[in-house]
Amino acid sequence: MEVVIVPDAKAGGELIAGAVAELLSRKPDALLGVATGSTPLPIYEALTAKVTAGAVDASRARVCQLDEYVGLPAGHPESYRSVVLREVVEPLGLGVDSFMGPDGSSDDVLGACEAYDRALGEAGGVDLQILGIGTDGHIGFNEPCSSLASRTRIKTLTDQTRVDNARFFDGDISQVPRHVITQGIGTILEARHLVLLATGEGKAEAVAQTVEGPVAAVVPASALQLHRHATVVVDEAAASGLKLADYFRATYAAKPEWQGL
Ligand SMILES: N[C@@H]1[C@@H](O)[C@H](O)[C@@H](COP(=O)(O)O)O[C@@H]1O
């Protein structure tokens, strides 16, 4: 696992957008896995700026969702499908046919989970998966004690996650769905490159446990330690709980440019 400490969220966004740009130059039809939440927005803004400036050709890129609420009506503005279309797919100038996600409004939720897990494999697998992290260490919507071998399935949100996400629902926790579909941890680990961005002091504890704690289902993001190409990008505040911060800084400073992220 590589840990990169950046000055702020904007720098993290630029760095990761650069890695996506490099991937697209190598593989124009790469499948990009995207997370929702506030944290990854600087990545999508930086990538959109590169595309608008003509520095990156994303016209053949494909985008896939990490997770979804269950039970929101199709087209609800806070469904993750709507969010990803609004924040990523449309700004990059892509069409809906470049995009895939689980159907959270299906009557057959179990079937929708299995179909999505299968579809990811049939699409050739995710090339680069962008991840955020919950304050409780979740990735996607894999809450604490999710199986590290889990596949795409339905999960129940913790009260903490529903409180954290209420800001997208007029601050009203009762509007935040209790159930979600999420790529499992086993599914996420199949992506070729995992890039987790965490910013702000509120994520410091979860980041410390993810990077320096034991691999444990109680901290789902710690499963990144099992991946052969995982990058954790943190700002100074999110890095504040890391004992090895100076080592990570020195290592990155001495990294040859040709290695990329
Ligand atoms: N399912 C999403 C996660 O993918 C995201 O990482 C997390 C943190 O969101 P934020 O970046 O807004 O803190 O929120 C939700 O739970």
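Q: How many helices and strands does the secondary structure of the chain come to?
A: This is a predicted model, and the mean pLDDT of its chain is 97, with 100% of the residues reaching 70 or more. The secondary structure of the chain comes to eight helices and ten strands.

Q: Why can the chain be called as compact as a globular protein of its length?
A: Along its principal axes, the C-alpha trace of the chain spans about 55 × 40 × 35 Å. For 261 residues the globule rule gives 18 Å, and the chain is as compact as a globular protein of that length because its radius of gyration is close to this value, at 17 Å.

Q: Which strands stand at the edges of the open sheet that has β1 and β5 among its members?
A: This open sheet has seven strands with parallel pairing, in the order β1-β10-β9-β6-β2-β3-β5. A strand with a single partner has one side left without a neighbour in the sheet, and so the edges are β1 (2-6) and β5 (99-100).

Q: Which residue of β5 is the bridge partner of Cys64?
A: Strand β3, which covers residues 62-65, runs parallel to β5 and is joined to it by two bridges. In β5, the bridge partner of Cys64 is Met100.

Q: In the open sheet formed by three strands, what is the order of the strands?
A: The pairing in this sheet is antiparallel. Both β4 (67-69) and β7 (153-156) have a single partner strand, so each stands at an edge with one side left without a neighbour in the sheet. Neighbouring strands are turned against each other by 30° on average, direction ignored. The order is β4-β8-β7.

Q: Which residue in β8 stands opposite Asp67?
A: Strand β8 (residues 179-182) pairs with β4 in the antiparallel sense, over three bridges. Opposite Asp67 stands, in β8, Thr182.

Q: Which residues come nearest among the 14 around the ligand?
A: By class, the shell around the ligand has nine polar, four nonpolar and one charged residues. Of the 14 residues around the ligand, those that come nearest are Ala35, Gly37, Ser38, Thr39 and Gly132.

Q: How far apart do the end C-alpha atoms of residues 11-230 lie?
A: UniProt lists residues 11-230, in an unreviewed entry, for "domain: Glucosamine/galactosamine-6-phosphate isomerase". In the model this span is 33% helix and 15% strand. Its end C-alpha atoms lie apart by 18 Å.

Q: What ipTM does the model score?
A: The predicted model has two overall scores to report here, a pTM of 0.97 and an ipTM of 0.95.

Methods:
Residues are numbered from 1 along each chain as its sequence is written. This is a predicted model: local features need pLDDT of at least 70, side-chain atom pairs count only at pLDDT 80 or more; totals for chains, interfaces and linings use all residues. A residue is near a molecule or strand if its C-beta atom, placed from the backbone, lies within 6 Å of it. Ala, Val, Leu, Ile, Met, Phe, Trp, Tyr, Cys and Pro count as nonpolar, Asp, Glu, Lys and Arg as charged, and the others, Gly among them, as polar. Two strands pair if DSSP finds at least two bridges between them. Helices (H or I, at least four residues) and strands (E, at least two) are DSSP runs, numbered from the N terminus. Axes are lines fitted to C-alpha atoms, for helices over the stretch in contact, and angles run from 0 to 180 degrees between N-to-C directions. UniProt positions are given in the numbering used here, feature names are shortened, and annotations may be inferred rather than shown by experiment. pLDDT is the predictor's confidence in each residue, from 0 to 100. The radius of gyration is taken over C-alpha atoms; the globule rule is 2.2 Å times the number of residues to the power 0.38.
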